[in-house]
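Open the model in your viewer and keep the sequence panel in view. We will go stop by stop, selecting as we go.

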Amino acid sequence: MALLDILVYPNPRLRDIAQEVDTVTDVERELVKNMAETMYAAPGIGLAAVQVGVSKRIIVIDISDSGDDLLVLINPKIIEHDGMQVYEEGCLSVPEVYAEVTRAEEITFEYLDLDGKLVTQTTDGLLAVCVQHEIDHLDGKVFVDYLSRIKRDRIRKKLLKIYKNDSTS
Ligand code: K1U
Ligand code: ZN
């Protein structure tokens, strides 16, 4: 296994729109292992392949306290949503920045699991927030895009200053 470098906002590669996975192979399974290790080490509760520079529609999530409930989503798609919730979000690609974002309260989503099997799941609360946040990454969107231009510019300048000589930025 290997720890992967996480891209830092405003790295332009965070704007990549990830490609669907045709077939789930050992290549994807190895990537998932490395993404999970990277997420747990960060630590975080989610990670999208785009954040580690891989343009594939793959996400790992674990919102459990014990850190032993890994959810792997390949080609995830939200097929129904209902209600609204506000949650103070963070992002491993936007270090030390937290801000309230409004998203759907309940979602039904489908995805392929690591065996390539189609799964449909309904959820709400933090898991719903996390799935929406990570799918945004696959579509080149970062949570700061929901903030005002003034706040976003402030964050961009701060992170450019801190990370400009860093290989992950
Ligand atoms: O996508 C990411 O960068 C991961 C992000 C997921 C996320 C968090 C909160 C709301 C929506 C999506 C994170 O994991 S940020 C770090 C974090 O939330 C956390 C870290 C350690 C323990 C608990 C939470
Ligand atoms: Zn994020």
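**Stop 1: the zinc ion.** Select ligand 2, the zinc ion, whose donor residues follow the spacing C-x41-H-x3-H in sequence. This is a predicted model. Now show side chains around the ion. The protein donors are Cys-91 through SG, His-133 through NE2 and His-137 through NE2. They lie 2.1 to 2.3 Å from the zinc ion.

Trace the backbone from Cys-91 to His-133. The pair links distant parts of the chain, 42 residues apart. Cys-91 sits in the loop between strand 4 (85-89) and strand 5 (99-103). His-133 belongs to helix 2, residues 125-138.

Turn on the surface. Are Cys-91 and His-133 buried or exposed? Cys-91 is buried, at 11% relative accessible area. His-133 is also buried, at 7% relative accessibility. Both count as buried because the cut-off is under 20%.

**Stop 2: ligand 1.** Select ligand 1 and expand to its surroundings. You should pick up 13 residues. The closest are Ile-45, Gly-46, Gln-51, Leu-92 and Glu-134.

Next, check the polar side chains. Glu-134 has a polar side-chain atom 2.6 Å from an oxygen atom of ligand 1. The zinc donor His-133 has a side-chain N or O atom 3.1 Å from an oxygen of ligand 1. For His-137, the corresponding distance to an oxygen of ligand 1 is 3.4 Å. How much of ligand 1 does the protein bury? Taken alone, ligand 1 exposes 530 Å², and the protein buries 79% of that.

**Stop 3: the cysteines.** Select the cysteine sulfurs. How many disulfides does the whole structure hold? A search finds 0. Cys-130 is in no disulfide, and its nearest cysteine sulfur, that of Cys-91, is 10 Å away. A disulfide needs the sulfurs within 2.5 Å. Cys-130 is buried too, with a relative accessible area of 5%.

**Stop 4: strand 6.** Select residues 106-112, which form strand 6. The strand is mostly covered: 5 of its 7 residues are buried.

Add residues 71-82. This is strand 3, which pairs with strand 6 in the antiparallel sense over 6 bridges. Find Lys-77 and look across to strand 6: Glu-110 stands opposite.

Now add residues 118-124, strand 7. Strands 6 and 7 run antiparallel, joined by 7 bridges. Leu-112 has Leu-118 of strand 7 as its bridge partner. Finish at the turn of this hairpin, where 5 residues lie between the strands. Gly-116 there takes a positive phi near 80°.

Note on methods
Residues are numbered from 1 along each chain as its sequence is written. Chains are lettered from A and ligands numbered from 1 in the order in which they are written. This is a predicted model: local features need pLDDT of at least 70, side-chain atom pairs count only at pLDDT 80 or more; totals for chains, interfaces and linings use all residues. Side-chain values use heavy atoms; hydrogens and water are left out. Buried means under 20% relative accessible area, exposed over 50%, partly exposed in between (1.4 Å probe, protein chains only). Helices (H or I, at least four residues) and strands (E, at least two) are DSSP runs, numbered from the N terminus. Two strands pair if DSSP finds at least two bridges between them. Donors are N, O and S atoms within 2.8 Å of the metal (3.2 Å for Na, K and Ca); water is not among the atoms, so sites may look incomplete. A residue is near a molecule or strand if one of its heavy atoms lies within 4 Å of it. A polar contact is a pair of N or O atoms within 3.5 Å; within protein, one must be able to donate a hydrogen and the other to accept it, and residues adjacent in sequence count only if both atoms are side-chain atoms. Accessible areas come from the Shrake-Rupley method with a 1.4 Å probe; for residues, only the protein chains shown count as cover.
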